[in-house]
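Me: Got a model open here and I'd like to talk through its rings and its empty space. Can you walk me through it?

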Amino acid sequence: MASQDLPAAFGFLASARPSGGRIPRAAFATRGTHTGVDLRLRSQTLGATLVHAPGLPPDSAQAHDADTAVLLAGEIYNRDDLYSVLGPNTERSSDAQLVLDLLRRYGRHAFRLVNGRFAAVVGTGRQVLLATDHAGSIPLYVCASPGEVTAATEAKTLAGHGGPRGFPFADARRVRGLPGVYQVPAGAVMDIGLDAGTAETHRTWAPPLARRIMDEDDAVAAVRTALDRAVGARITPGGTPLVVLSGGIDSSGVAALAHRAAGAIDSLSMGTEVSDEFAQAKAVADHLGTRHREITVPTADLLGQLPYAVWAAESEDPDIIEYLLPLVALYRALDGPPRRVLTGYGADIPLAGMHREDRLPDLDTAVAYDMATYDGLNEMSPVLSAVSGHWSTHPYWDRDVLDLLVSLEAGLKRRYGRDKWVLRAAMAELLPEQTVKRPKLGVHEGSGTTSSFSLLLLEEGVAEQSVGAAKQQVVRELFDRTVVAGEDPGEVSTAEVVRSVADRLERGAA
């Protein structure tokens, strides 16, 4: 039986029409139960397939009255704040109902108030609103033509829905290989006219450009408070969350705060025969007293899951896929019932953790660039864990945490020769000293993913200077086969794709 601390829906495929409804069907990477929804409003019909955890009814993923219907995948984290603006007489109900109540008061601008991990489709009058959270952490895709708007949390489910009739959206990124399919921008509401199929995009969030100058103690206290609240908002009372733990400051900080909030947590680490961080993670697990588990994934199996990583993330960026591959392999090795999983993923982006230098102008330039270019990479997509039926969430990409971390001046991020200084200082009282001082190591580095992927290409005869280009071609071919063509990733061989790319490069060099 699924735990009630999971969202009512992990994802959806929805279709809005002026009249005459249909429930669209498709194959999702997200594993779960599919439930059809047919909502008939005065001016349109909204049909959908919701994907949710087995045994957990998806009723609270939808809310409607005679004129407006809301379908919501994911969850909201600032519920108390939102109810406070609606007034004391507002009945506390589902997240979808909360959004409907906000829409009645604020219209589409309601989404500027919401701090969550969600994607939403709203049918109202002759309009369709498509909304993403501030980070676009649940990707949302759309294809539209006069008389129908179709939206989904996975691009692959829209294959065949677009084509020449798909209306172009100037403010949205086209999905290569899927004609007429576009990705709704992060932190935005697309307002689409159902009759004409045209749209206006309204931003609901943007990364802060100004920088805060704060006293050390004030900055440390602010970071600790913001993270504590973000972690606490992601834990259901009575639930026991699972934390992915590498033993670095990012995941260890989440584990420590989750342990304080929940009273007990489970923790999980992943490695390969090439590399692991088991000793560092165990030191944190022992310090906190968590129920800890280590999973070793053989390198050959890890690389063999590249098709699953691309299929889940729907990203063509080889660097992003390398970051995400160890997580996908970990989730796929995680047996048992669906779990709520907290991660430390994403802290490096607002804190410039991967930029190991002391030059503050360059450091802040890196933060500004990374925050301006994250959209569409799908690093935070819940499908990465949902391929095995689990729900993941990332406290460092909480809206309030991001607002704070991004805005801190670079000297608080790189200080006393240490990366992510303000985070380390904020967690110093909760963690072992060696964890707080441990140098940054990316998940793709700690698992040996990057070096193993490179070695696989080199062994196939790819020249060292061509490895980067070869990785791009491998990922693109996997995208074309699993996302565009709809092949089962279990039937796609990483080794064969690598061999094909190596042969093409060799012929091109000849």
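**Rings and hollows**

Reply: Sure. The structure holds six aromatic pairs, and keep in mind that this is a predicted model.

Me: Take Phe 169 and Tyr 182. How far apart are the ring centres, and what kind of pair is it?

Reply: The centres of the Phe 169 and Tyr 182 rings are 5.5 Å apart. Their planes sit at 80°, which is over the 60 degrees needed, so the pair is edge-to-face.

Me: Where do those two sit in the chain?

Reply: Phe 169 is in the loop between β9 (148-152) and β10 (173-174), while Tyr 182 belongs to strand β11 (residues 182-183). They are 13 residues apart, and the pair links distant parts of the chain.

Me: Buried or exposed, Phe 169 and Tyr 182?

Reply: Phe 169 and Tyr 182 are both buried.

Me: OK, and why does the Tyr 416 and Trp 421 pair count as edge-to-face?

Reply: The planes of Tyr 416 and Trp 421 are at 75°, so that pair is edge-to-face, with 5.9 Å between the ring centres. As for burial, Tyr 416 counts as exposed because its relative accessibility is 64%. Trp 421 has a relative accessible area of 12%, so Trp 421 is buried.

Me: What about charges over rings? Which ring does Arg 117 lie over?

Reply: Arg 117 lies over the face of Trp 391, at 5.2 Å from the ring centre. There's also Arg 332, which lies over the face of Tyr 308, 3.6 Å from the centre of that ring.

Me: Tyr 308 is in α7, right where I was going next. How many residues of that helix are buried?

Reply: Eight of the eight residues in helix α7 (residues 306-313) are buried, so to speak a mostly covered helix by the cut-off of under 20% relative accessible area. Besides Tyr 308, the buried residues include Leu 306, Pro 307, Val 310 and Trp 311.

Me: And what follows α7?

Reply: Glu 314 does, and its phi is positive, near 55°.

Me: Switching to pockets. How much space is in the second largest one?

Reply: About 670 Å³ lies in the second largest pocket. It is lined by 29 residues, and Glu 75, Arg 79, Ser 93, Asp 95 and Thr 236 are the closest to its centre.

Me: Which elements give two or more residues to that lining?

Reply: Those are β5 (68-76), α1 (79-86) and α3 (216-233). Helix α1 gives the most, with four residues.

Me: How does the lining of that pocket divide by class?

Reply: The lining of the second largest pocket has 11 nonpolar, eight polar and 10 charged residues.

Me: Now the closed ones. How many cavities of 30 Å³ or more are there?

Reply: There are five cavities of 30 Å³ or more. The largest cavity holds about 100 Å³. Its lining comes to 13 residues, with Ala 135, Tyr 374, Asn 378, Glu 379 and Met 380 the closest to the centre. By class, the lining of the largest cavity has six nonpolar, five polar and two charged residues.

Me: And what volume does the second largest cavity have?

Reply: About 70 Å³. Arg 117, which lies over the face of Trp 391, is one of the residues lining the second largest cavity. Others in that lining include Tyr 77, Asp 133, His 134, Arg 234, His 394 and Asp 398. The lining of the second largest cavity has two nonpolar, five polar and four charged residues.

Notes: Residues are numbered from 1 along each chain as its sequence is written. This is a predicted model: local features need pLDDT of at least 70, side-chain atom pairs count only at pLDDT 80 or more; totals for chains, interfaces and linings use all residues. Side-chain values use heavy atoms; hydrogens and water are left out. Rings of Phe, Tyr and Trp (its six-membered ring) pair if their centres lie within 6.5 Å; planes under 30 degrees apart count as stacked, over 60 as edge-to-face and the rest as tilted. Buried means under 20% relative accessible area, exposed over 50%, partly exposed in between (1.4 Å probe, protein chains only). A charge sits over a ring if NZ of Lys or CZ of Arg is within 6 Å of the ring centre and within 35 degrees of the ring normal. On a 1 Å grid over the protein atoms alone, a cavity is a set of points where a 1.4 Å probe fits but cannot get out, and a pocket is an open set with protein on both sides within 12 Å along at least five of seven lines; lining residues have an atom within 4 Å of a point. Grid points are joined across faces, edges and corners, and a volume is the space filled by probe spheres set on the points. Ala, Val, Leu, Ile, Met, Phe, Trp, Tyr, Cys and Pro count as nonpolar, Asp, Glu, Lys and Arg as charged, and the others, Gly among them, as polar.
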